Amino acid sequence: MIDPIIIVIALICGLLARSVGLPALIGYLAAGFVLHEANIEGGSTLRHLADLGVTLLLFTIGLKLQLPDLLKTRIWATTVIHMAIMQCLFLVILWVAGQIAPGLGLNISTMLVIAFALTFSSTVFVIQVMQERGEMASHHANIAIGILVIQDLAAVIFLAASTGKVPEPFAVALLLLIPLRRYMLRLLTYAGHGELFTLFGLALALGGAQLFESVGIKGDLGALLIGALLAGDQKSKELSRNLLQFKDLFLVGFFLTIGLGGWPGGELVILALLIGLLAILKPLLYFPLLTLFHTPPRTAILASGSLANFSEFGLIVIAVAVQAGWLEDVWGAAMSLVIAVSFIISSQMSRSSHEFYWRYRDRLRGFESTLVRDTKPNTEGIRVLVLGMGNIGTGAYDLLAEHHGGEVAGIDVNERKLANHRREHRRVIAADASDPELWHWINLAELELVMLALTNHQENLLVVELLNRVGYQGKLAAVVRFSEEGEDLEAHGVSVFNLYAQAGAGFAEHASSLVDGLSAGYSATDK
């Protein structure tokens, strides 16, 4: 059982972190250190919750995973080159530290393991920050997650090799899961939309992890692959949304356990703080690599800023090395401190990355490749823009297109969704609505109406602020789900349609038309 004191301290620290503009997860991390200093241990229950959170996280990543994205050069090449350079860089730093402080006991084997542990960025941290900022559907989120998935696969390979654990011959039978995809999706449909649906999702994630463990493959990788197997279907998107709150709750335990690792002692504290600060070097390398492989500078900046941290997988690598006798156990505490410092740095960089790009846009565009420069969309004659081409956005587009034809255009980042719209002969543009470059391509003097049908309130606000900065003078309309969201947007001059509150009025109007039709029919019969 978890001590209520742990929950209260985690809540207080989370609120304090949020009050100073940091993600709540920084507060949970700090709570772990507070609990350690107070000699309060979470016990096995907290560790089980933490493991469950990571498993659900990887499963939900898999549900949104698009394999073709991982095969893009900008993803796999950037990841491989970045990891190789970081490995060499941290080897040099650790060697220098070993010369200055011989008491650290660093030799070539320990330095290789520690340097490898420092090459990863945190999947958990990046996903949490992207979700809080409403950027999970953006280009830079897709790139960052693709890089993280390849890093996680590299970590899984290392763990399998270091523990001497090789897959069982029966692991080949897992390929039978591929033809079973249609049946799993059919069962998800049969489960409906309530608690049975969510329970089935949990069973897929945890059962998949256990299945892979039983044949000698790491369970977290199994959860990722089961999720990826179901990706691309509408039910997988719904399942991801349903599991979101469970995942977030369990991940609180994960961040608490990092802090509960405590503080290292002596010279190791200084080294851990220094390495944590060196997380800032990661985006300095990610940015030129991404732009080299034809990533737009803005996308590269935002993705790089989110990756300026060290990973929970680093802790796992260190733990395995300690069990194997390659490292002393004090390195586990040192890695916890490294991760904590890097999270604080990364949260600040991620939060300020939009402003940074806006301020230095002209200089950063100097890194833009010719391929990116020559792929500008056709934006001539657009008078109405629909941002977000989901069900609501598509419905709005179709109605407006009946009256304005080709003067209406839709914006979305999902290439598969856009391909479907193009087959239906809709005018759509692949772009990120929060990208300043989009609004430099469009003639704002001709643009009369922008409709915000985006799925996240924070993203809506970001776009509205951007439109104000570029001098847009036309009308703005937005769809919201909650009254407080509507109040925020109305304060920025946006006309708001509350999906829940006003849907009832639309339903009543529809029903009234049916009654009127019936009345007219009765009148005709009487006559």
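Contact here means heavy atoms within 4.5 Å. The model on screen is predicted.

**Stop 1: helices α6 and α16**

Select residues 108–117, which form helix α6, and then residues 312–323, which form α16. On the α6 side, Val113, Ile114, Phe116 and Ala117 meet Gly314, Val317, Ile318 and Ala321 of α16. Turn the view until both axes can be seen: they lie 8 Å apart, and the packing angle is about 155°. Angles over 145 degrees count as roughly antiparallel, so α6 is roughly antiparallel to α16. Colour the contact residues by type, and 7 come out nonpolar and 1 polar, with no charged residue.

**Stop 2: helices α5 and α6**

Keep α6 and add residues 73–100, helix α5. How far apart are the axes of α5 and α6 where they pack? The distance is 8 Å, with an angle of about 130°. An angle of that kind falls outside the parallel, antiparallel and perpendicular ranges, and α5 and α6 are therefore oblique to each other. Their crossing is right-handed.

To see the contact itself, show these side chains:

- from α5: Met83, Gln87, Phe90, Leu91, Leu94 and Trp95
- from α6: Met111, Leu112, Ile114, Ala115 and Phe116

This set divides into 10 nonpolar residues and 1 polar residue, and no charged ones. Ile114 and Phe116 of α6 are in this list and also among the residues that meet α16.

**Stop 3: two aromatic pairs**

A pair of aromatic rings is described by the distance of the centres and the angle of the planes. The model has 5 aromatic pairs by the rule used here; two of them are on this tour.

Begin with Phe90, already on screen as part of the α5 contact, and add Phe310. The ring centres are 5.8 Å apart and the planes stand at 65°, so this pair is edge-to-face. Phe90 belongs to helix α5, while Phe310 sits in the loop between α15 (297–306) and α16; the two are 220 residues apart and link distant parts of the chain. Are these rings buried or exposed? Phe90 has a relative accessibility of 0% and counts as buried, and Phe310 likewise counts as buried at 0%.

Now select Phe125 and Phe343. Their centres are 4.6 Å apart with the planes at 20°, so the pair is stacked. This pair too links distant parts of the chain, with Phe125 in helix α7 (residues 123–133) and Phe343 in helix α17 (residues 330–359), 218 residues apart. Phe125 is buried at a relative accessible area of 1%, and Phe343 is buried at 0%.

**Stop 4: Asn309**

Stay with Phe125 and Phe343 and add Asn309, which is in contact with both. Asn309 is placed in the loop between α15 and α16, the loop that also holds Phe310. What is the relative accessibility of Asn309? The value is 0%, so Asn309 counts as buried.

Apart from neighbours within four places in sequence, the contacts of Asn309 also include Phe120, Ser121, Ser122 and Val126. Ala279, Lys282, Ser342 and Ser346 complete the list. For a distance check, draw a line to Lys247: the two C-alpha atoms are separated by 21 Å, and the residues are 62 apart along the chain.

**Stop 5: two histidines with positive phi**

Most residues other than glycine have a negative phi. Select His294, where phi is positive at about 70°. His294 lies in the loop between α14 (281–292) and α15, and with a relative accessible area of 34% it is partly exposed.

Then go to His425, with a positive phi of about 65°. His425 is in the loop between α21 (415–423) and β3 (428–430). Its relative accessible area is 73%, so His425 is exposed.

**Stop 6: Glu415**

Select Glu415, in helix α21. Glu415 counts as partly exposed, at 45% relative accessibility. Which residues touch Glu415, leaving aside neighbours within four places in sequence? They are Arg422 and Ala430. Ala430 is 15 residues along the chain from Glu415, and their C-alpha atoms are separated by 7.0 Å.

Definitions and conventions: Residues are numbered from 1 along each chain as its sequence is written. This is a predicted model: local features need pLDDT of at least 70, side-chain atom pairs count only at pLDDT 80 or more; totals for chains, interfaces and linings use all residues. Side-chain values use heavy atoms; hydrogens and water are left out. Axes are lines fitted to C-alpha atoms, for helices over the stretch in contact, and angles run from 0 to 180 degrees between N-to-C directions. Helices (H or I, at least four residues) and strands (E, at least two) are DSSP runs, numbered from the N terminus. Angles under 35 degrees count as roughly parallel, over 145 as roughly antiparallel, 65 to 115 as roughly perpendicular and the rest as oblique. A crossing is left-handed if the near helix is turned anticlockwise from the far one by less than a right angle, and right-handed if clockwise. Ala, Val, Leu, Ile, Met, Phe, Trp, Tyr, Cys and Pro count as nonpolar, Asp, Glu, Lys and Arg as charged, and the others, Gly among them, as polar. Rings of Phe, Tyr and Trp (its six-membered ring) pair if their centres lie within 6.5 Å; planes under 30 degrees apart count as stacked, over 60 as edge-to-face and the rest as tilted. Buried means under 20% relative accessible area, exposed over 50%, partly exposed in between (1.4 Å probe, protein chains only).
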